[in-house]
Amino acid sequence: MATTKTRNNLPTPEASAEVVAHIGAGTRVVGRVSGQEDLRVHGTIEGSVRLQQTLFVEPEGVLLAEVIARDVVVSGTVVGNIHAESAVVLTASARVVGDIRSPRVSVEPGAAFRGAISMEPVDADEVAAEATAARSYGVTRSAPARALAERQVAAPNNEVRRSAPARQQQAVRLPPRRAQAFTAAPQPPTAPRAWTTPAPAPRPSPPAPRAFQPVDEDTIIVQHPAIRSSEDRPRRRSEPLPVAAASEPSDDPKKLARPRTLPRGKHKVERVD
Amino acid sequence: MATTVIGSSIVIDGEISGEEQLIVHGTVKGRIAVSDTLVVENGGLVEATVESGTITVNGTVHGDIAASERAELRPNCTVVGDIRAPRILIADGASFKGNVDMGG
């Protein structure tokens, strides 16, 4: 199960003596593959692969899949994005189309590759996105989900724990330049850096974010008009107040002028404007 | 290496098809269609509709089994589902719930 490493600590494509999980050349898997051990693919996998160890795509192996693993060694064909926590190695016979995301990437001469490479380390945003994706997947034992759970347990403050996912999701969506402008604002040390590529998996819409948003400095950042989603755009004066005014009886002019149940954070938004 | 091995920590949710031997130590959910032998090892869990030439179960199978040649339920295995095969072996100690169809 242990991956052989060279002196510079990159995983190597050599076969280890142990019997490892492998998909034979005549086998085709369609669906989701996940696991906590090395996997060697001589056959075909379509769908997604999540491993907490090393994935080897052997020369005759074909992957039409989103790959998330600790290490990925490609000697065969991969069509899909590769995300490795540790390292990605494309050997001379590799054929890869897709984006690679890993702190260490090695491409040997002869390898064919089309796509983008990012060596940014995995950060908290990614963990949150992964956790969301994993939840929608029904994968409960994935590493990112566990990491998030640990982090949440470690968070001493209840308020922080509850608000963190929503804030992280907002931060993920920041476009690059705006993200820079906002990182100058005071943020708690656990606040994630904004990662600017699209999240790796479709994220379900955040469940009832308004109800959870604490009234603090972070709320101001989240609600800034520049990053507000179209749904949150500043209300024009001519437009009716959506929730509060509609539910209030219209014969009371005071209440129309100053509705009590403005959505949270809106007051602060006005100040930031 | 004309076999496929699903290791004990591997979970596959979907479909596996192939022409070679498949050995399952881990978990497979969905559908398995192999023309050769399927072996569900002790600790292996298959929650799937299975079509194979031969199936040998030491672990657990939940789902219907259709074997074109032979189905073997070894001691300590658990099978819940219908079995259709011309030859069926159920060992002493095997746990089985379902219908058997030997094509007779």
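**Close-up views of a predicted two-chain model**

**View 1. Confidence along chain B.** Among the elements of chain B, strand β1 (residues 3-6) has the lowest mean pLDDT, 92. Strand β7 (residues 60-62) of chain B has the highest, 97. The coordinates are those of a predicted model. Averaged over chain B, pLDDT is 94. In chain B, 99% of the residues reach 70 or more. For the model, ipTM is 0.90 and pTM is 0.58.

**View 2. The strands of chain B.** Chain B holds 13 strands and zero helices. Read from the N terminus, its elements therefore run β-β-β-β-β-β-β-β-β-β-β-β-β. Chain B has 104 residues, and 43% of them count as buried. What share of the contacts in chain B with a separation of 6 or more comes from residues 24 or more positions apart? That share is 1%.

**View 3. Where chain A touches chain B.** The contact involves 22 residues of chain A and 22 residues of chain B. On the chain A side, the elements that give two or more residues are β1 (21-23) and β2 (27-35). Strand β2(A) supplies the largest share of that side, nine residues. By type, the chain A side divides into 11 polar, eight nonpolar and three charged residues.

**View 4. A strand pair across the two chains.** Strand β2(A) is joined to strand β2 (residues 11-18) of chain B. The two strands run antiparallel, with eight bridges between them. One bridge to look for is at A:T27, whose partner in β2(B) is B:G18.

**View 5. Strand β5 of chain A, covered on both faces.** Strand β5(A) spans residues 54-57. A:T54 and A:F56 lie on one side, and A:L55 and A:V57 on the other. Are these four residues buried or exposed? All are buried, and both faces of β5(A) are covered.

**View 6. The partners of β5(A).** Strand β3 (residues 39-41) of chain A pairs with β5(A) in the parallel sense, over three bridges. Here A:L39 stands opposite A:L55. Strand β5(A) also pairs with strand β6 (residues 62-74) of chain A. This pairing is parallel too, over four bridges. In β6(A), A:V72 stands opposite A:L55. A:L55 thus links the views of both pairings, facing A:L39 and A:V72.

**View 7. The largest nonpolar core.** This core has 59 residues. Which members touch the most other members? They are A:V49, A:L55, A:L63, A:V67, A:V72, A:V74 and B:I32. Strand β6(A) gives the core its largest share, nine residues.

**View 8. The surroundings of A:V49.** Residues up to four places away in sequence are not counted here. Beyond them, A:V49 touches A:V33, A:L55 and A:L63. A:V49 also touches A:A65, A:V67 and A:A69. A:V49, A:L55, A:L63 and A:V67 are among the core members with the most such partners.

**View 9. B:M102, after the strand β13(B).** B:M102 is found in the segment after β13 (100-101) of chain B. Why does B:M102 count as exposed? Only 12 or fewer other C-beta atoms within 10 Å are allowed for an exposed residue, and B:M102 has 11, so B:M102 is exposed. Its C-alpha atom is separated by 6.6 Å from that of B:R87, 15 residues apart along the chain. Leaving aside neighbours within four places in sequence, B:M102 is in contact with B:A85, B:P86 and B:I88.

How values were computed. Residues are numbered from 1 along each chain as its sequence is written. Chains are lettered from A and ligands numbered from 1 in the order in which they are written. This is a predicted model: local features need pLDDT of at least 70, side-chain atom pairs count only at pLDDT 80 or more; totals for chains, interfaces and linings use all residues. A residue is buried if 20 or more other C-beta atoms lie within 10 Å of its own, exposed if 12 or fewer, and partly exposed in between; C-beta atoms are placed from the backbone. Two residues are in contact if their C-beta atoms, placed from the backbone, lie within 7 Å. Ala, Val, Leu, Ile, Met, Phe, Trp, Tyr, Cys and Pro count as nonpolar, Asp, Glu, Lys and Arg as charged, and the others, Gly among them, as polar. Two strands pair if DSSP finds at least two bridges between them. pLDDT is the predictor's confidence in each residue, from 0 to 100. A nonpolar core is a set of buried Ala, Val, Leu, Ile, Met, Phe, Trp, Tyr and Cys residues joined through C-beta atoms within 7 Å.
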